[in-house]
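Hi,

Here is the structure I said I would pass on. Have a look at it first, and my notes follow underneath.

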Amino acid sequence: LKSDISATIVWDICLAVAASAFVASANYCINEWLDRHADALHPSKHTRPAVLGAVRAPFYLNDVKAKR
């Protein structure tokens, strides 16, 4: 069978996969940050960087918290 997939379609698919991976990674990072207090009480999660304070919230998260 002959394939008629254009370079534009291939590019769009690659961009969609990359965007999906970026969103999934961002979701994981946000979840790790938001769960850090509960993770501190967990027997195996208490050594994660967010729990130990090795990771700081980006400045915009600090601004949102300060405005509450």
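**What turned up**

Glu-32 counts as buried, because its relative accessibility is 15%. I start there since a good part of what follows leads back to this residue. Before going further, please keep in mind that this is a predicted model.

Glu-32 is found in helix 1. Leaving aside residues up to four places away in sequence, Glu-32 touches Asp-39, Arg-48 and Ala-50. With Arg-48, Glu-32 also forms a salt bridge, and the closest N and O atoms of that pair are 2.8 Å apart. The pair ties together distant parts of the chain: Glu-32 sits in helix 1 (residues 7-34), Arg-48 sits in the loop between helix 2 and helix 3, and the two are 16 residues apart.

Arg-48 itself counts as partly exposed, because its relative accessibility is 27%. What else does Arg-48 form a salt bridge with? The partner is Asp-39, where the closest N and O atoms are 3.7 Å apart. The count for the model comes to two salt bridges, and Glu-32, Asp-39 and Arg-48 are linked by them in a network.

Now for Asp-39. Its place is in helix 2 (residues 36-39). Is Asp-39 buried or exposed? It is buried, because its relative accessibility is 7% and the cut-off for buried is under 20%. Not counting residues up to four places away in sequence, Asp-39 touches Glu-32, Lys-45, His-46, Arg-48 and Val-51. Glu-32 and Arg-48, the other two members of the salt-bridge network, are thus both among the contacts of Asp-39.

**The chain as a whole**

If you step back from that site, the fold reads simply. The protein chain has four helices and zero strands, so along the sequence the pattern is α-α-α-α, given that helices and strands are numbered from the N terminus. Buried residues make up 9% of the 68 residues in the chain. Glu-32 and Asp-39 both count as buried. As for the surface, the chain exposes about 6,100 Å², and carbon and sulfur atoms supply 66% of that area.

**Trp-33 and the loops**

Right after Glu-32 in the numbering comes Trp-33, and Arg-36 lies over the face of Trp-33, at 3.8 Å from the ring centre. What about aromatic pairs, how many does a search of the whole structure find? It finds zero.

Trp-33 comes up again when you look at Arg-56. The C-alpha atoms of Arg-56 and Trp-33 are separated by 8.9 Å, with their positions 23 residues apart along the chain. Arg-56 has its place in the loop between helix 3 (49-52) and helix 4 (59-66). Arg-56 is exposed, because its relative accessible area is 73%.

The loop between helix 2 and helix 3, where Arg-48 sits, also holds Leu-41. Leu-41 is exposed, because its relative accessible area is 75%. Measuring nothing but the model's own coordinates, Leu-41 and Val-51 are 9.5 Å apart in space, C-alpha to C-alpha, and 10 residues apart in sequence. Val-51 is also one of the residues that Asp-39 touches.

**Cysteines**

How many disulfides does the structure hold? It holds zero. Two cysteines are worth a look on your screen all the same. Cys-14 is partly exposed, because its relative accessible area is 46%. Cys-29 is exposed, because its relative accessible area is 52% and the cut-off for exposed is over 50%.

If you open the model with one place in mind, go to the network that links Glu-32, Asp-39 and Arg-48.

Cheers

How values were computed:
Residues are numbered from 1 along each chain as its sequence is written. This is a predicted model: local features need pLDDT of at least 70, side-chain atom pairs count only at pLDDT 80 or more; totals for chains, interfaces and linings use all residues. Side-chain values use heavy atoms; hydrogens and water are left out. Rings of Phe, Tyr and Trp (its six-membered ring) pair if their centres lie within 6.5 Å; planes under 30 degrees apart count as stacked, over 60 as edge-to-face and the rest as tilted. A charge sits over a ring if NZ of Lys or CZ of Arg is within 6 Å of the ring centre and within 35 degrees of the ring normal. Buried means under 20% relative accessible area, exposed over 50%, partly exposed in between (1.4 Å probe, protein chains only). Accessible areas come from the Shrake-Rupley method with a 1.4 Å probe; for residues, only the protein chains shown count as cover. Contact means heavy atoms within 4.5 Å. A disulfide is a pair of cysteine sulfur atoms within 2.5 Å. A salt bridge is a side-chain nitrogen of Lys or Arg within 4 Å of a carboxyl oxygen of Asp or Glu.
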